[in-house]
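Morning, everyone. I'd like to walk you through one model today, so have a look at it on the screen before I start.

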Amino acid sequence: MPVHNRIADFADDLTEWRQDIHAHPELGFQEHRTSDLVARKLAEWGIEVTRGIAQTGVVGTLRCGTSNRAIGIRADMDALPIEEATGAPYASQNPGRMHACGHDGHTTMLLGAARYLAETRNFDGTVHFIFQPAEEGPGGGRVMVEEGLFERFPCDMVFGAHNDTTMPVGELAAVVGPVNAAADQFWIHIHGTGGHAARPQGAIDPVVIGSHIVLALQTVVSRRTNPLESAVLSICQFHAGTTDNVIPETASLNGTVRTLDAHVRDDMQRLLTDIATATARAHGAEAVVEYDRGYPVNVNDAEATERAARAAGRVLGDARVIRERPPVMGAEDFSYMSLTVPGCFVRIGQAGRERGAVPVHHPRYDFNDEILPIGSSVWAALVEQELPRG
Ligand code: NI
């Protein structure tokens with residue numbers, strides 16, 4: 001079974017919705033227009049709509065037959081604070097806002113599946129279509145779970161997808177185990193002693209100490225972490241000083257830590273804190289470390305992944321479903337959902353001959369509309385497979 005015929009029939013509608021959402025990108029928890037559009041369409045197709053979970057989140061519920069089984073499928077709706085440079089006729093109309101991660105496409109693929117399933121009702125059970133806000137940072141997935149998503153909409157399993165610019169159109173990856181890293185943020189505040197730049201002996205220079213800390217932290221991954229276990233430590237901001245003849249009193253560093261395993265995550269936090277504070281102390285200054293744990297590791301459940309792979313195989317052919325692939329060190333807040341309910345997060349290839357290969361979060365990135373019917377068909381096939389009739 002390739003792409004569902006009925007979905008292929010309304011592929012132009014999918015493209016139109018996707019490009020409309022693309023033209024009106026909204027940041028996390030501000031997806032008012034997008035969630036209005038989603039809610040309106042779901043209601044139009046006779047799907048029960050619940051709004052206001054995690055502010056702008058929407059859940060569509062479609063029941064059919066008598067089975068108690070239920071599955072959830074989740075899409076994210078938010079955009080990024082990027083100035084778009086695609087030059088597309090449907091480019092962002094909101095300055096400084098852009099759908100540069102393809103969440104416009106994720107939302108549309110799930111809408112397409114919802115429309116098909118509402119029209120055909122060829123299943124027995126309940127589907128919850130989960131449209132979440134704020135994947136890019138503020139953690140809309142976490143807020144939905146905290147606000148009782150799975151108590152209000154019980155699901156046996158939950159599924160999600162992200163487009164992938166490194167995989168060709170027509171391929172899908174469904175891989176067991178960790179697929180996205182945990183993402184933590186840290187700030188290191190260095191308190192030295194300011195003074196005249198010409199009299200360093202009277203000061204304790206936080207710029208030099210901060211530089212030592214930056215270099216010392218490079219050893220956490222290279223020398224202290226098992227080479228067979230993955231970790232990233234990137235320092236992305238270094239702020240200090242105001243002019244050329246003053247040694248500042250303070251400096252601050254900020255960055256991110258990515259890991260795939262709980263004990264590596266604990267080690268990274270401990271080593272970063274120890275090295276930063278001890279390095280500052282060795283130079284007569286003080287460093288205070290703030291360490292915030294962000295999205296947890298996104299781990300695919302073996303059973304849920306098997307089921308997602310089987311459904312994808314029915315649409316794409318088993319040979320085009322990738323079952324082994326290294327995880328990515330980017331984070332994904334679907335992890336909060338799959339920590340609560342067994343889940344699987346797949347990646348859908350979108351690199352075509354002419355489009356779809358510009359990486360996400362780039363001002364020239366665009367979602368490849370060619371894969372909309374594929375994504376919708378995979379979700380539809382999954383529902384028909386998991387909630388079979390008779
Ligand atoms: Ni994304």
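I'll go through the domains, then a strand in the middle of things, then the salt bridges, and finish with one arginine.

First off, keep in mind that this is a predicted model. The chain splits into domain 1, residues 5-180 plus 297-386, and domain 2, residues 182-293. Their C-alpha centres sit 38 Å apart. Eight residues from domain 1 and nine residues from domain 2 make the contact. Between them they bury about 610 Å², and carbon and sulfur atoms account for 74% of that. Who gives up the most on the domain 1 side? That would be Val 297, Met 329 and Ala 331, which together supply 77% of what that side buries. And if you're wondering how many salt bridges cross this interface, the count is zero.

Over in domain 2, which covers 182-293, have a look at β8, residues 182-191. β8 runs antiparallel to β12, residues 250-259, with 10 bridges joining the two; Phe 186 faces Gly 255 in β12. β8 also pairs with β13, residues 286-293, again antiparallel, through eight bridges. There, Ile 190 has Ala 287 as its bridge partner.

Now, back to domain 1 and strand β4. Is β4 enclosed or open? Eight of its eight residues, 125-132, are buried, so the rest of the structure largely encloses this strand. In a regular strand, side chains alternate between the two faces of the sheet. Here both faces are covered: Gly 125, Val 127, Phe 129 and Phe 131 are buried on one side, and Thr 126, His 128, Ile 130 and Gln 132 are buried on the other.

What does β4 pair with? One partner is β2, residues 57-64, antiparallel over seven bridges, where Val 58 is matched with Phe 131. Another is β3, which runs parallel to β4 and is joined to it by seven bridges; there Arg 74 is the bridge partner of Ile 130. Put α4 into the picture and you get a right-handed β-α-β unit made of β3, α4 and β4. Arg 74 has a second role in my story, as its side chain forms a salt bridge with Asp 76, at 3.8 Å N to O. Both of those residues are buried.

That takes us to the salt bridges, of which the structure holds 25. My pick is Arg 18. Its side chain meets Asp 366 at 2.9 Å, N to O. The two are 348 residues apart, with Arg 18 in helix α2 and Asp 366 in the loop between β16 and α11. Arg 18 also bridges to Asp 369, with the closest N and O atoms 2.7 Å apart. That second pair spans 351 residues, and Asp 369 is in the loop between β16 and α11 too. How buried are they? Relative accessible area is 0% for Arg 18, 13% for Asp 366 and 7% for Asp 369, so Asp 369 counts as buried as well. Shared partners then link Arg 18, Asp 104, Arg 355, Asp 366 and Asp 369 into one network.

Last stop, Arg 97, in the loop between β3 and α4. Buried or exposed? Somewhere in between: at 29% relative accessibility, Arg 97 counts as partly exposed. Leaving out residues up to four places away in sequence, Arg 97 touches Pro 25, Leu 27, Leu 80, Pro 81, Ile 82 and Ser 92. Gly 356 is 259 residues from Arg 97 along the chain, and their C-alpha atoms are 20 Å apart.

That's my tour, thanks.

Key: Residues are numbered from 1 along each chain as its sequence is written. This is a predicted model: local features need pLDDT of at least 70, side-chain atom pairs count only at pLDDT 80 or more; totals for chains, interfaces and linings use all residues. Side-chain values use heavy atoms; hydrogens and water are left out. Helices (H or I, at least four residues) and strands (E, at least two) are DSSP runs, numbered from the N terminus. Buried means under 20% relative accessible area, exposed over 50%, partly exposed in between (1.4 Å probe, protein chains only). Contact means heavy atoms within 4.5 Å. Two strands pair if DSSP finds at least two bridges between them. A crossover is right-handed if, with the strands pointing away from the viewer, the path from the first strand over the helix to the second runs clockwise. Domain bounds come from an automatic or database domain assignment. Buried area is the accessible area (1.4 Å probe) that two parts lose on being put together, summed over both. A salt bridge is a side-chain nitrogen of Lys or Arg within 4 Å of a carboxyl oxygen of Asp or Glu.
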